[in-house]
Every structure is written in C-alpha cells, then in structure tokens.
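I opened the notebook with two things to look up: enclosed empty space, and the packing of one pair of helices. Entries follow.

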Amino acid sequence: MGLTLVMLFVGAHTITHFVVGFTFRQEDQWYKIMTVSLGVTLVTNILFMLDQPWLWVIGMVILGIASSLYTIGWSILFSLTGQTQERIKIMVIIMISSNLVLLFFTLLKNALPSKVLLGLTNLPLIITCIVLVKSGHFFEENVLSNYVKLPISKPLLLLFSLFVFSIYLNGGLMYSIMLPALSAEFFMINYYPFVVYVFVLLVIYRLYKSVNSALLIYIGMSVLGLAFITFALFNHNTSGYLLTIGFMESSFALIDLFLWTTLCILAFVYGAPFQIFGILLGANTASIFIGDLIGKRLIHAEDNLYFVTALLSATSILLAIIVIPWLMQSFNHKFELFSQEDSSRIIMNVDTPIDILMAYLPNGKTITDRETEVIHLVLQGMTNKEIARQLFITDHTVKTHMKNICNKFGVSRKKELIYLATRKE
C-alpha cells in the first residue's frame, strides 16, 4: 500500500508538471501559486492525522499536485539567482538541507508515534509559510523583468526532455528492482544512501567555484554506469550493496545538481520558467514512474533478471552519453555568456566590434554620439550606475538613453541588446 501511494503521488506530480509546462504562461502569478500550494499541503498534512485510508489516497494526489506547483513557482526565483557557480552553491545548500530534514524524520520514524511524527512534519511547512509571507512581496515586484526572453528552441527542449527521461529511467529501475534485490547487514543500512548523497554534495560545495555543468554530468553518468556494473556482479552481499548504492547515490547527486542548474540557465535565457521547469521536470518524474513499471514487469521474468536490468540501464546511459556533447555544444553556443556571469550584469567580450550590433539597426534609425558611448560601456559589462559615473550623468539619464537605444533596435531590455551584439550568425 505504501509503495502504491508513493507512485500515486509521483503520477499526480508528473501530470501537473506537464500541465503547467504546456499551459501556464503567467509567470507573474508565481507568488500566489507558491502560497496557495503551500497552504494546501499544510491542510492536507493535518487531515492525514485523522488516519482514514480514503484520505491517504486523495491526499497523496493533492500533495502531488501541490508540491509540483510549489516547486515550479519557486523555480522562478531560483532561475534569477547569480552566476552559474552561485547557482550551483545555492542548489547544493538546498539539496543538503532537504536531505538532512528527511534524514531527521527518518531517524524519528521508529522513536515516535505516527501521529506525533506527522504533526512534526508540519513544522518545516509552517516555517516556510511564514518566511514566504514575510519576504515574498519583496521579490514579487518587477522580479520577472530580468529575464532575457529569447525565442524558445523547441528542438533543444525536446532533446533535453528525452535526455532527462533516459537518465532518470534508471531511478525507477533502482526503486523497483535494485533496492529490493540488494541486502546488507550493518547498522547504517537505513541511513547509508543519505550519507553518500550529502557527502558528495559537500565535496561539490567545497569545490563549487571550479565546477561546471559538463563536469557534473560526465562524472555523474560514468558513476551511474559503475552502479549497474556492481549490481550485476555483486548483488547478493553487503559489499555489493555498499558499492551499488554508493555509486547510485553519488551519481544522482551530481545529475540532480546538473539538472537544476541547467534548467535555471534555460529558464533565465528563454524567459519561460513555467515551460522549461514544467516540461523537463515532468520528463524527470515520468521516467521514474515508467522505470518503476518496467521494473515490476522484469521482476516476473526471473531468468537473467540482474543481467537484463543492467543491460537496459546501460543502453539508456549510452544513449544519454551520446547526446551530451550535442547538448553541451548547444548550451555553449547559445548561453555561454549568460551562464557564466551575473544575471544583472552580463559581461561581454570587449573585442566584439560595435559593428555587429549596428548591423541590426533598422533602416532610417540613427544612433547619437552619446548613445554610442553608452553602448560601448554596456558591452564592457558596466552597470547603469557605473556608466553614469563614467559619463558624469545621472542614473535616470542612463536609463533614458538605454530605453531609446532599445527602442531603436527593436528590443525591450538591455540583455536582448547584448545578445544581438554577440550573435555569430
């Protein structure tokens, strides 16, 4: 029953992700979505304390929907945070914190009555709700104006969705086949996955300034392959458990971090967080759900179960590895400048001639000498305040010049102007 409820949650979570990704376009509703979904989650958790079986079935569906909406609402704020290394750092902190909270309640599971434990799980929700209400309006105004909003690349979105699906298909196989098949006898068996996952993230936290997305995914995929090799060879002893789960948790720590930080960059550049996070996170959870279904079918075919599982996983990993170079090339071509610098200050290659930008100036439009000076400073990565100090004018005057410049080039904000100046087509 417990596993059925989990998959019911995952199913509702997945469907909601896709619905949001394909239909939601009003990103300015992020704050309302977060507060309502958080409130619904809190009320549902309280109703669980009534201990009615039918409430658990309905409640897990509601939680799947609410958690999906909350995650996608929060993704808007996350996609507007700092440069790539800062995003990695922030995501590592969030992932470690959430796993430590989960570990804390796992430790309490056998020490407290179920209703008391359920009541305690509401505390993080209440704290989050208070923080959101107190600080949410600070971010609500003009938070969406920082997006670049380039035309979204549907082929890239489709290919990345298939890439995510092929990777996380292994997660479903892990839950349905690997974990039930593995056995071990040592005192930390219930906590070992948490420890490995958090340890890898702590290492990344120490090295985050030198970490890039390509490194995360290549190492993550390689370690994932090792997990299925050890599963096929050593699935009946404690060392097999330690190796397989150790490799598996290490790989997903790296892959999860790659996924979130990459989605962050995509959402920022395309200015479509609902679409990017909704569709790609939907592909993520859908693959786990389908992987679980495939795993349950494979269990009934007991002959060569471990070999077939390893082969299936190896095939999905190989397909993902083949796609990685193309994905990274696309990211580097389109988003290199955006992914490496602060979202409010994108630093350009100062050797880029202004003629590249001028080629996009419509016929009949002219640029004044002062506007040319402003453009040069913008392409050097200066902020409005720095430009004002350099030219001995006010911030308001700089904003006026930028507005006039953007209007002449047919763009709506500075980041789109910078994009034109760095295009290679």
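Entry 1, terms. I take a cavity to be a set of grid points where a 1.4 Å probe fits but cannot get out, and a lining residue to be one with an atom within 4 Å of a point. The model is predicted.

Entry 2, cavity. How many cavities of 30 Å³ or more does the structure hold? I found 1. The volume of the largest cavity is about 30 Å³. I then listed the lining of this largest cavity: I152, S153, L156, L157, L266, Y270 and I276. Which helices each supply at least two residues of that lining? They are α7, spanning 154-181, and α10, spanning 238-270. By class, I get 6 nonpolar lining residues, 1 polar and no charged.

Entry 3, helix pair. Two packed helices are described by the angle and the distance between their axes. I looked up α14 (residues 369-379) and α15 (residues 384-391). Their axes come within 10 Å and cross at roughly 130 degrees. Why do I log the pair as oblique? An angle over 115 but not over 145 degrees falls in that class, so α14 is oblique to α15. The crossing of α14 past α15 is right-handed.

Entry 4, contact residues. On the α14 side I noted R370, E373, V374, L377 and V378. On the α15 side the contact uses I387, Q390 and L391. I sorted the residues of this contact by class: 5 are nonpolar, 1 is polar and 2 are charged.

Conventions. Residues are numbered from 1 along each chain as its sequence is written. This is a predicted model: local features need pLDDT of at least 70, side-chain atom pairs count only at pLDDT 80 or more; totals for chains, interfaces and linings use all residues. Side-chain values use heavy atoms; hydrogens and water are left out. Axes are lines fitted to C-alpha atoms, for helices over the stretch in contact, and angles run from 0 to 180 degrees between N-to-C directions. Helices (H or I, at least four residues) and strands (E, at least two) are DSSP runs, numbered from the N terminus. Angles under 35 degrees count as roughly parallel, over 145 as roughly antiparallel, 65 to 115 as roughly perpendicular and the rest as oblique. A crossing is left-handed if the near helix is turned anticlockwise from the far one by less than a right angle, and right-handed if clockwise. Contact means heavy atoms within 4.5 Å. Ala, Val, Leu, Ile, Met, Phe, Trp, Tyr, Cys and Pro count as nonpolar, Asp, Glu, Lys and Arg as charged, and the others, Gly among them, as polar. On a 1 Å grid over the protein atoms alone, a cavity is a set of points where a 1.4 Å probe fits but cannot get out, and a pocket is an open set with protein on both sides within 12 Å along at least five of seven lines; lining residues have an atom within 4 Å of a point. Grid points are joined across faces, edges and corners, and a volume is the space filled by probe spheres set on the points.
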